[in-house]
Structures are given as structure tokens and as C-alpha cells.
Amino acid sequence: MYNLGEQFNMDLTASKANPKCVFTGEKYRITVLTERLVRLEYQPEGHFVDAPTELIWYRNFEAPEFSVREDHRYLEIKTKYFKLTYMKNQPFAGGKVNTMGHLKVELLNTDRIWYYGHPEVRNYGAPNFSLDDSDGKLNLSKGLYSVDGFASIDDSKSRLFTALGNLESREHEGIDLYLFMYLKDFAACLKDYYMVTGYPSLIPRYALGNWWSRNVPYQDLDLKNLVDTFEREEIPLSVLALNRDWHVRQMKDGKKFDTGFTWNKNLFHSPKDMINYLHSKGIRLGLSVNPLEGIYPYEERFEELKKYLATNDQGIIPFHVMDPKWVDAYLKLLIHPLDLTGVDFFWMDIEDKKRHLDLWSLEHYHYYDMKRDYQRRPMVLARNAGIAPHRYPILYSGKTIVSWNTLKMIPFYNASASNMGVSFCAHDIGGYYKGIEDSELYIRFLELAVFSPIVKFGTERGKYYKREPWKWDVKTLNIARDYLQLRHRMIPYLYAESYKYYKYGMPLVQPIYYKFPELYDDPKYRNEYYFGTEMFVAPIISKNEPLMNRVIHYFFLPDGIWYDIVTGKKFPGGRKYVSFFRDQDYPVFAKAGSILPLGNHKILNDTTPPKDMEIQIFPGKSNTYKLYEDDGVSDLYRKGFSLTTAIDYNYLPNNYTVIIRALEGKSGIVPDTRNYKIRFRNTKKAQDVVVFFNDGKLESTSYIDGPDFIVEVKEVPTIGQLTINCKGKDIEIDAVRLINEDIASIINDLQIETTLKEDIDAILFGSLEIKKKKVELTKLKRKGLERKYIRLFKKLLEYVEQV
């Protein structure tokens, strides 16, 4: 075995199951891991695996509650969720006549039974390798979420880890399968999955900001000009990912190699100075790497590499990730020198799906190599290699086509990722290449990205690909700026939600069909999702209706009261809606009592815990939000260097209180004092406002801003308790959203004579039944109303009638 470094070591005691849970025969071994999860092994010679595999690292848990009955022929294991019956030492697969003759697992309190070879056709799937060149065709692999209430993972061909973290092939073929029997408790299923594979990674805080990449040979000055333009346009930028031209590339048969690890000094005269400049601007740098073609003599450290690794007949050091000595030399002589220049993370830009195991190995070794330095939190970006992708932790969907068909895939792709416990998916806004550039498509891509876990711009080289917001018209630029600024302000909320994902296994994106499975087959509603605990998104994936210059959008809201996060309009839940959205509008909702912590940084690209915070609170229900914070860039959070702050909202119709209190953690993690702007959404001015810090009274400022009531408190210590009590009569503004307001807005914007608008208004909002309203609209042709507008308003009546 080869010692790669302690950061790669594997705990072999953690991978060996509790013997109280293991039932072994001559050819089989069955292990009860949890009440819902059982491991099934069959090997004719009795060779079973205790080592960690690529997928499964942990099996040693406390014994769950279960009962056992067995004799010399049969074994029966029963938990709260399932009953397993097995004919000892028989192959798991039954015959064609009786598929369950040897092994069956009954899902209790249902009529459903799993058996070896079960087709599991009701599995909702999870993302495949990538969306490269997929123009509306979303191919999914098997995930964990199934309406059957069970799912299996075949780990039979997975490679094994040694104690030193070296990968080895299995010596013996056999069956090694993990069966999840969870009924309707998918959250518990995910917890079991994370228990055996490892919990999700906590990504660096900066990764939740805005990303930029473009496949062009940037130079020092190009990057400075790019950063300056983002700054001039007041658009925050957190991450810059350089495509493959950052390094020296050799030509062969008219094509440049992708492999390379030596800075191209013709483009970057002083890489370290360039990276220091980016860091001074609050921007982190990632580099694209792809060693599959091998290591070539043009690398600066090639001669040193040859001391450890052999060349082939062409004088090239071939790719060999299964050789730990190759891995060691690759990391220490090619990657670590790049680390020393200040590179923040690496992007495994490997497009060949057939090399997914090589991609996974590179992801794993890159990610865990970063753990040698606690000051730099590990992160890698890559396509989905298919093995515990939540660990590595950001999936890149690849070179997507510029099209509405691509946009239509993205929400469902993100939702499906949750079916395998993955939250962080990165898609190139607007699509990567091909297609037709379209400002409306660009806007809808960008808006969706802002309310998704990762916001990434990326495109092919070519001057007619417009990803820079300032390359579009003024309207598009302004919309892009507003949404990208909002995204940057959302980082405190997104980071706290990312911590819940890391700590408790709560995905940031949870599809609507988890709670409303009947919506899965309805294309109008299946793309909706919860975005963290406080927000709900109903994505727009279709074009505007040209006449009204709005998109006609159907959406469903879950039970309860919901508020449009921009307008504050109230929507009673548990029903379907149709509405009409302008380019600058997007259907994102907060439930009653939602608490949204936002940052108000004075420095444009700053992603650190902010001194100035705006806490948005929606009325109607008491709630507590736990705001988690740490330095966002190191691994010190694992040693308790963090702070959790509770934001309590105690709601009564005429008396409401907000309490902000340090709950647990250490001082010095966030600014010593903060300036708070508490924005009570849809709330009238309170008659009395009292503010205390601990037992002492504090000065505050309060005022009305549109439909919201604001209370500002300055220089509040972050360790201690801030209490704000507001009193008044009928404090909540009744702002129930009315379809009539949407239609009136459409009429207002149309280029129609004003007198005709009055006639249309009287018809549409009058008391006639819809059939008669259509007749009256037709009559307006005599007054000069064009047929296209008559058709439009008749269509609007049909939409209203549908809901």
C-alpha cells in the first residue's frame, strides 16, 4: 500500500458492520443497517466485503430495532418498515415462475414486495452524467425516490479502498446490494443514504454568489477589464472559472490537447499577482483540468515527474489514476504548485461519459487532497460521475444548447437531483452554445438561476454569444443587475440552508411532488420546488404571449398562506392559479411567518458575514429561523468555530415581537456589532415600537416603505439578545392578489385607444357570464378594436375560467 497522506486515510472500523446486525451463511450475508436499510450480499465461495467502497464508507451503527426468526432453511427479519424472507444459501434471484421464491422483502402496511431483479419502474430517477447537447431530452438514471416506497443500489462492481485511501478492484465477483424500504418517509431514506455514504459537503460561502466562465483565452488585462466592468455595472461577482486555455496546450492533428498544468506565460505574465488582484476584489479562482490525455514534455516539472513515473513510447506519462504513485506525483508536482499561486478550486472538465470512473477518481483525490490545508475548504466542479455526487459537491450539467427546450429541462433536473441527495447543480445561464441568442430566454434562465443553488454564467468562444449582462439592451441589463444583486444579498439565507443540508441532510431544492405526488405527471406544476425552508419557486419555462408581452403562467401553491416576495401580494394556498408575468417578474413565494435574512454589503463582491443585515419577515404566523455563520472559507467550522443566531418572530394580529439572540458558537466569527433593518412585509406602521438589547433600551428608527414597515437599529452587539416589540391595530395590510389587477395591468400596457380600454374594462370586470362577455368583446370590432386584441381578451377569459 502507498501512503498518499493522512487526508486520504479511510476508517476500516467504521466500514465494518455491527456484528449484532449481521446474518451470515455459507453463500450469503445479510446486514440490517437501519430500520429501513438492509445490505444483501451473495457470493458462492463466501467472500464478503467489509472494506469501504467508492460509494459506501460507513456500516458500523447502533443496532436498530428488529426481530429474527430462522431455522436451517429460512431466515426472516422484521423491522418497523419491512419483513425480509430468504431461503438460505439460495441465489437471490428466483425462477421465472416464482421470482420471489428465494428472497422477498415486503413493505409493511402495503401490498408492495421487492425481490431481486425487481424493475422498480416507479422510480422517479436522478440526473445522469450531463446535459451535453441535450435539447429537451432529459435522460435520468435511477434515484432513491420512488412512489413504491423502496429503491435499491447495486454496489457489486464498486472498487474498494484500503486504509491508506488507495483504490483496488474486488477480487471476487458477487452481489452486493443496498435496499432502502422507506414507505413515504423519503427524508429518513436520505438520512440512511448519507449515513452510509457520508453527509453532504458544506461548500465555501463564496460559491453561493455569481460565477463567471467563458471558453476564451483570457489574458491578465482581459480579466482586469472584465472585473472592472462588473464593478462599473454594480453587478456582484464571486467566482471566476478559467477554461482550458489558461495553460500551455500542444497541437496535434490541428487540435489542441486539453491536458496541461503549466501557466501560459504569454497570457498570464504573473499568475500569482493576477490571483492576488482577484482576491483583493473578493473573487475566487477555479481552473479547468483534464489529465486523461496524459502528461506531456512541455510541462515545467516534466523532468522531475519522470523520476517517479515512466513514459510510454511517445515520451508521454500516461494517465493512471489507479496507481497511487501516479496520483501522488500528479498532486504534488502538478496541482500543489498551482495551489501555491492561490488557486481556490479545480474544475474537472471531462466530457467523455465512458470515462466516468476516471472522473470520479479525480474528483475524489482532488477534493480530499484539499483537506491537507484546513484554511481552504475543499470544492470541485465536475459532471456527474454517478458515485455519491453529494460529497464532491457541485455538479456541472455540461455544454447545453441555447434553447427554450434546455430551459424546460433545468428545473426538473434540479428537482431530480434531490432524488439522489444532491443539491448543488450548476447550469450555464442562457445555455452554453449553438441556438439563437434571445433576451427573453436569457432573462428567464437568469431568474431561475438566482433561485437555484448555483448561479453560473458560461459559454463557448465567439463574439456573438451574449452572456455579459451589459451586452444586451438596457431593459435586459437592468433586470439582470437587479436579480444578480438580489442573489448576492441572499447569501446569508442560502448559506444557512446549505448548512442544514450538510448537517441534517435537508436538500436545498425539494420538488413539489414530495408532498403532492399527484402533481408529478402534470407538466404545468411538476417543476415547482421548495427553495430552502422559507421559499417556494414556480419556474417560468415558456415564452411571452407577444400581444400582452407577458407569459401566461399556471402554478400551484401548497397549503397555507403565501406571499409574493417582490410585491407582497397574498395568495391563499392549496389551490391552482393562473397569472401573467412580465420579464422582470418571477413567481417566488414566502410562506406566512417566513424569515429571510439578507445581506447589505457595502463592498460589491464581499461574501463574508455582513455587518449590515436586512431581515424580511412575512406576517401571519410565529416562526424561528436559525442563522448559521462561519468564516465560509476554512474547515474550522468542524472544530466549533461558528455562530448560530436565532431569529424569533412572535406574531399576534395587534402585537408582534422579533428577538435576535446568539444561540450557540463563538464570538469573533461575525462582526462584533451589526446594523439591522427589520422589514415587516405587508405591515402597517406600528403605533408603538420598543427596542431592547439585553435589559437596556436602545434607540431605533421606524418608517413606512411602500407596503412594508421598517425598524432600523444600529451597532447592535452580535452576542446577546435584541428585542423589538411593535404594537398597533389591524397591522397586516390586506393585499390578497386578485386576477383582475393582473388583467387591468395588461390593458394598461396595450397600445389601444383609451376609450376602448374603458369599454374592455367594463366588459371583463362586469357581472355577465363569460359566454356573454365574449359576445360583447366581439361587438367592439365595430368601434375599431382589432381582431388580435379581441382574440387576446377572449383567451384571457378562458384562462380565468380555468381557475
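This passage walks through the overall build of the chain and then zooms in on one helix. The model is a predicted one.

Starting with the big picture, the chain contains 14 helices and 43 strands. Its radius of gyration works out at 29 Å, and the globule rule gives 28 Å for 803 residues, so the chain is as compact as a globular protein of that length. Laid along its principal axes, the C-alpha trace spans about 85 × 70 × 65 Å.

What about the inside and the outside? Of the 803 residues, 59% count as buried. The accessible surface of the chain adds up to about 33000 Å², and carbon and sulfur atoms account for 49% of that. Contacts tell a story about sequence distance too: taking those between residues at least 6 apart in sequence, 70% link residues at least 24 apart. As for charge, there are 111 positive side chains and 107 negative ones, with the centres of the two sets 3 Å apart.

Now for a closer look at helix α10, which runs over residues 491–504. With 14 residues at 1.5 Å each, α10 should span 20 Å, and its end C-alpha atoms sit 19 Å apart, so the two values agree. This helix is mostly covered, with 12 of its 14 residues buried. Among the buried ones are the tyrosines Tyr493, Tyr495, Tyr499, Tyr501 and Tyr502. The buried set also includes Ile491, Pro492, Leu494, Ala496 and Ser498, along with Glu497 and Lys500. Right after α10 comes glycine 505, which takes a positive phi of about 75°.

Key: Residues numbered from 1 in each chain as written. Predicted model: local features only at pLDDT ≥ 70, side-chain atom pairs only at ≥ 80, totals over all residues. Heavy atoms only, no water. Helix = DSSP H or I, 4+ residues; strand = E, 2+ residues; numbered from the N terminus. Rg over C-alpha atoms; globule rule 2.2 N^0.38 Å. Buried < 20%, exposed > 50% of the residue type's maximum accessible area, 1.4 Å probe, protein only. Contact = heavy atoms within 4.5 Å. Areas by Shrake-Rupley, 256 points an atom, 1.4 Å probe, with all protein chains shown as cover. Lys, Arg positive; Asp, Glu negative; His and termini not counted. Charge placed at Lys NZ, Arg CZ, Asp CG, Glu CD. Expected span 1.5 Å × (residues − 1).
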